[in-house]
Amino acid sequence: NDKLATMVREKRNIKPWNDNQMGTALMWEPVVGKDFVDKTYGDKRSLLVHFKPGGIEGYGWVFPKQEILNIGFGGYNRTIKSVKVKEIWEDYINLLKKDGYFPKDQKTPPVKGAPLPLDGPIKATTMDNTLLVGDSAGMISPLSGEGIYYGMHAGKIAIKTIKAALETGDFSQKHLDQYHRDWNGVFGKELRDLSFFALMALKLPERMVYYGTRDEKLCEIFADLFLGVTPGGLGKRKPISRALYDAIRYPYFGLG
């Protein structure tokens with residue numbers, strides 16, 4: 001929602017995001033000590049993911065570091081706005097304490113949040129003298145909320161485009177549109193793939209887990225998408241076709 005992105009939207013006739021397209025992520029990084037992290041999460045630092053915390057369309061997470069836990073949850077604004085965030089946060093910390101993933105004698109840490117665009121990148125990321133990169137361009141995984149990889153990669157492409165503009169003295173939208181074509185060619189399809197799996201995982205997480213535990217290939221596809229290791233999209237792996245195939249192969253009866 002920054003001013004520059006708003007100017008690009010107005011210039012290129014693109015509507016603002018609404019609550020069905022926007023999400024909110026809330027997190028904190030409490031220090032719990034290396035001994036606790038080693039004992040609880042092991043040398044490999046196994047991470048935790050909990051779908052639909054407090055009933056919201058989203059997920060909660062615990063990403064262990066050396067002596068710190070990155071704890072948070074996020075989801076679409078359409079459901080987050082209807083709940084008491086502080087209560088869900090306290091309930092989530094209490095769940096982690098109960099299961100032994102957070103020190104029982106430690107106070108509930110505070111929480112901070114930030115908005116996230118979850119509907120994929122906007123259709124135009126340039127105007128005269130201007131390039132949009134990262135969050136303002138909607139370069140966020142709608143599945144995981146990850147945006148650092150996409151922002152950094154688009155930044156490199158932006159540098160290449162700006163250097164070319166400096167050499168020619170042409171900073172027009174038409175010339176800078178090469179930037180939009182270039183980043184879209186690198187990870188545009190991946191973000192479109194992620195939109196489908198975000199729908200599956202955030203709206204129907206029980207089915208996603210149900211199919212994933214029965215189909216090793218689908219599980220691998222989902223993990224790669226979630227971790228952001230599929231630059232350029234999944235191509236011939238056809239994630240949507242695989243999910244539909246499993247829906248027929250493994251009828252879902254509300255089982256866990």
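Trainee: How many residues has H5, and what distance does it reach from its first C-alpha to its last?

Mentor: In this predicted model, H5 consists of 21 residues and reaches 30 Å from first C-alpha to last, close to the 30 Å expected at 1.5 Å a residue.

Trainee: Which residues of H5 are buried?

Mentor: Tyr150, Gly151, Ala154, Ile157, Ala158, Thr161 and Ala165 are the buried residues of H5. Their arc around the axis is only 130°, so they lie on the same side of H5.

Trainee: Which exposed residues does the face turned away from the buried side carry?

Mentor: That face of H5 carries Ile148, Met152, Lys156, Ile159, Lys160, Lys163, Leu166 and Glu167, which are exposed. Just after H5, Gly169 adopts a positive phi of about 75°.

Trainee: How should one read a nonpolar core, and which members of the largest one touch the most other members?

Mentor: In soluble globular proteins, nonpolar side chains tend to be buried together. Here the largest nonpolar core has 44 residues, of which Met139, Leu143, Tyr179, Phe187, Phe197 and Phe222 touch the most other members. Among the elements that give two or more residues to this core are strands E1 (22–28) and E3 (58–64), together with helices H5 (148–168) and H6 (173–203). H6 gives the most, with eleven residues.

Trainee: Beyond its neighbours within four places in sequence, which residues are in contact with Met139?

Mentor: With those neighbours left aside, the contacts of Met139 include Leu132, Val133, Tyr150, Ala154, Tyr179, Trp183, Phe187 and Leu191. Two of these, Tyr150 and Ala154, are also among the buried residues of H5. Apart from the largest core lies another, of 17 residues, including Leu26, Val32, Leu69 and Leu96.

Conventions
Residues are numbered from 1 along each chain as its sequence is written. This is a predicted model: local features need pLDDT of at least 70, side-chain atom pairs count only at pLDDT 80 or more; totals for chains, interfaces and linings use all residues. Side-chain values use heavy atoms; hydrogens and water are left out. A nonpolar core is a set of buried Ala, Val, Leu, Ile, Met, Phe, Trp, Tyr and Cys residues joined through side-chain atoms within 4.5 Å. Buried means under 20% relative accessible area, exposed over 50%, partly exposed in between (1.4 Å probe, protein chains only). Helices (H or I, at least four residues) and strands (E, at least two) are DSSP runs, numbered from the N terminus. Contact means heavy atoms within 4.5 Å. The expected span of a helix is 1.5 Å times one less than its number of residues. The arc is that of the directions from the helix axis to the C-beta atoms.
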